[in-house]
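This report is meant for a reader who meets the structure for the first time. Please look at the sequence and the model shown here before reading on.

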Amino acid sequence: MRHVISILIENEAGALSRVVGLFSQRGYNIESLTVAPTEDRTLSRCTILTLGDKEEAEQITKQLHKLVDVLRVSDLYGEGGGFERELVLMKMPTPNRNIRDEIRSICEIFHARIIDVTQDTYTIEYAGSSDEVDNFIKTLNEVTDILETVRSGVLGILKGTHYMKK
Amino acid sequence: MVMLNGAQIVVRTLEDLGVTQMFGYPGATVIDIYDELYNSKQIVHHLARHEQGAVHMADGFARATGKVGCAIVTSGPGATNTVTAIATAYGDSIPLVVITGQVATSLIGSDAFQEVDTVGITRPVVKHSFLCKKPEDIQVNIQKAFYIASTGRKGPVVVDIPKNCQNPQVLVEYKENLDIKMRSYNPTVFGHKGQVRRAVKLISEAKKPVLIYGGGVVQGEAAPELLKLAHHFKLPVTSTLMGLSGFPGTDPQNLGMVGMHGTYEANEAMHNSDLVVAIAVRFDDRVTNNAKKFCPNAKLIHVDVDPASISKCVHADLPIVGDCKAVLKQLNEAVEEANLEPNPQIDAWWDEINTYRAKNSLAYQKSQDKIMPQQVIEAVYKATQGQAIVTTDVGQHQMFTAQFYKFDTPRQFITSGGLGTMGFGFPAACGAKVAFPDRDVICFTGDGSFQMNMQELSTCKQYHIPVKIFILDNHTLGMVRQWQSLFYHQRYSQTDLTFNPDFEKLADAFGHKALKVSDPAKLDEVVQQALSMKDDLVIVDVLVDTDAKVFPMQKVGGSMADMILKEEDA
């Protein structure tokens, strides 16, 4: 089962290594990890996508909570669900008009943006759920071989009025 | 405003935190701190002969007193040498602050002389760690370190201080009455009231309850509250290795130790119970045996300060997160409020338990010409009237001590349970003796374990630390040999220790006393003689039967009740 774990953590040197270390030392896997400071620069928000059963996810959240630098932990699916988004940046070759047209129409359908154009390439930006991102990449890959793909990893936020308190 | 340099701040902060004893080893990156320690009238520093020994001493001091143990070492190898000892404290949740020197901040990352990433290397085995980036960080980090080490689930904290932060020329403000706040660290103290009420109701209704407790009761000073609850409900009580001394060993309700080498009655009672009341235990595999077969008919009430320990290995039906002393108090109050009495069927349960006890599972065969290791523990127990502080190393002698020395008062028993560190016992005994110079401090060790940290004999000479070391000398690595004998067709691969040093000469070389005994008839006399030499460190080399084995023993992969009681059944 997929678990999207959100962590509010002190924005200090070494704090992230404790989070990552916990996963490796206890044998949990990290599918994706994102981290950046929040509007309060002393705090960072971290989102980790991991796979495991219910007990494992519970143990991971408890162990994360034990870390002295960690303020809040929540499992998106343990708390009534949330939204997930991933950002992907891609570079596509544009050797001929046919391919350019096809890429542009796919981007239109997906509401993706072409953010940079050269003689030989398009650079494309797209955001969506992980499934949507997978699908977008797959569709473009059918047009021609992708030069480069950069995914941000999953970001998550709780649904409705629920939010992670500081 | 008090202006001090970084090194002065280290010492001043430690003094204000009440530190009186430290253990350590100097070097280039802590030389400024040592220069300040030279001035301290409050802190007595003990120079160990190896950094591992220093930290084990601080650990032994902490276990014996309940205070935070404090050690200081230099960067690089000084820091890496402490790793095993830090992990030992972590394994048993012992409050410890280890100050490590670090190369100057300008050199960090340059592979400088005696540089290692101390915070990185120790990260998996500390509760928390700090790297001071500037002199202003030192006071607040040390104060936080002591607070974190000694609250919630206790544990070791490392404070890494680069050399330039200790610079005698750079003065910063020392803040008296500095209040430390950590928004991200607030350990739970009190248990959930509803859960507490439900718990006492379950206990009063249980027909076959068992109370199992662990090291948290000792570290959390919860022994009186535990005793009250156990006595009120006439609960059979068993302890993990780390819990020993938390409930009187001579109490009639005590079933002895549980688990791998626990008593028959303790393991059978657990397995056949209908309610397990678990206080500050973490259900390690040496306790549960196969966790899937754990107590099949029992509900589990689990009290622990660490939420991550609950439902980690076995599922808790009624979890209570909180400090065990506070929660036990709440439980006792809830019992009084609701006027609860034990289930009358508890007497029938005790009848059943007494049939388990009748097996006399710790019985062993004595011999005319060989000393059995169990006898040594019994002899010392008798001679010290059960009052000594006892430390052990790891192996057969450790299990025999747990089985045969009945500890009646908390903090009397000091052992490395979680990590199982050979070489722990002797330096830990030094730390305990430094804390309690007037008490008998005994270290039971093996000929294998003792050789892992015997360099500290010099420290004992220098600071006059007259501990008594009983080497249960079987010329082999006994526990491994036991397994080789029972499960590996007597193929004794690399467990032979025939080429031990002459321990009497060794003691002599370090300026200590030694006694040697191999005749069972002389054992009591030699024990008495050793104990009577109050002012001397005495090594007692006791030659014991090489083939003695620790029983009972749980069968690997079985339930708690699957036990081997004697060699023929293995």
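Helix H20 of chain B, which spans residues 478-487, is mostly covered, with 7 of its 10 residues buried. The model is a predicted one, and the description below should be read with that in mind. The buried residues of this helix are B:Gly478, B:Met479, B:Arg481, B:Gln482, B:Gln484, B:Ser485 and B:Leu486. Against what do the buried residues of H20(B) pack? Their partners are helix H16 (396-404) and strand S21 (553-554), both of chain B. Just after H20(B), the backbone at B:His489 takes a positive phi of about 50 degrees.

The cysteines of chain B are a second topic. Over all chains, the structure holds 0 disulfides. A disulfide is a covalent bond that joins the sulfur atoms of two cysteines. The cut-off for counting such a pair is a sulfur-to-sulfur distance within 2.5 Å. Why are B:Cys70 and B:Cys165 without a bond to the closest cysteine sulfur? For B:Cys70, the closest cysteine sulfur belongs to B:Cys132 and lies 13 Å away, which is too far for a bond. For B:Cys165, the closest cysteine sulfur is likewise in B:Cys132, at 6.4 Å, and this too is too far for a bond. The table sets out these distances together with the relative accessible area of each residue.

| Cysteine | Closest cysteine sulfur | Sulfur distance | Relative accessible area |
|---|---|---|---|
| B:Cys70 | B:Cys132 | 13 Å | 1%, buried |
| B:Cys165 | B:Cys132 | 6.4 Å | 1%, buried |

The last topic is the contact between the two chains. The size of an interface is often given as the accessible area that is lost when the parts come together. Chain A and chain B bury about 1500 Å² between them, and 45% of this area is on carbon and sulfur atoms. To this contact chain A gives 17 residues, while chain B gives 18 residues. Across the interface there are 3 salt bridges, and one of them joins the side chains of B:Asp306 and A:Lys66, with a distance of 2.7 Å from N to O. Which elements of chain A give two or more residues to the side that touches chain B? They are helix H1 (15-25), helix H2 (54-66) and strand S4 (70-75). Sorted by class, this side of chain A has 5 nonpolar, 6 polar and 6 charged residues. Between chain A and chain B, 9 residue pairs are in polar contact, counting pairs in which both residues are at pLDDT 80 or more.

How values were computed. Residues numbered from 1 in each chain as written. Chains lettered and ligands numbered in written order. Predicted model: local features only at pLDDT ≥ 70, side-chain atom pairs only at ≥ 80, totals over all residues. Heavy atoms only, no water. Contact = heavy atoms within 4.5 Å. Buried area = accessible area lost by both parts, 1.4 Å probe. Salt bridge = Lys/Arg side-chain N within 4 Å of Asp/Glu carboxyl O. Polar contact = N/O pair within 3.5 Å; in protein donor to acceptor, adjacent residues only side chain to side chain. Helix = DSSP H or I, 4+ residues; strand = E, 2+ residues; numbered from the N terminus. Nonpolar A, V, L, I, M, F, W, Y, C, P; charged D, E, K, R; others polar. Buried < 20%, exposed > 50% of the residue type's maximum accessible area, 1.4 Å probe, protein only.
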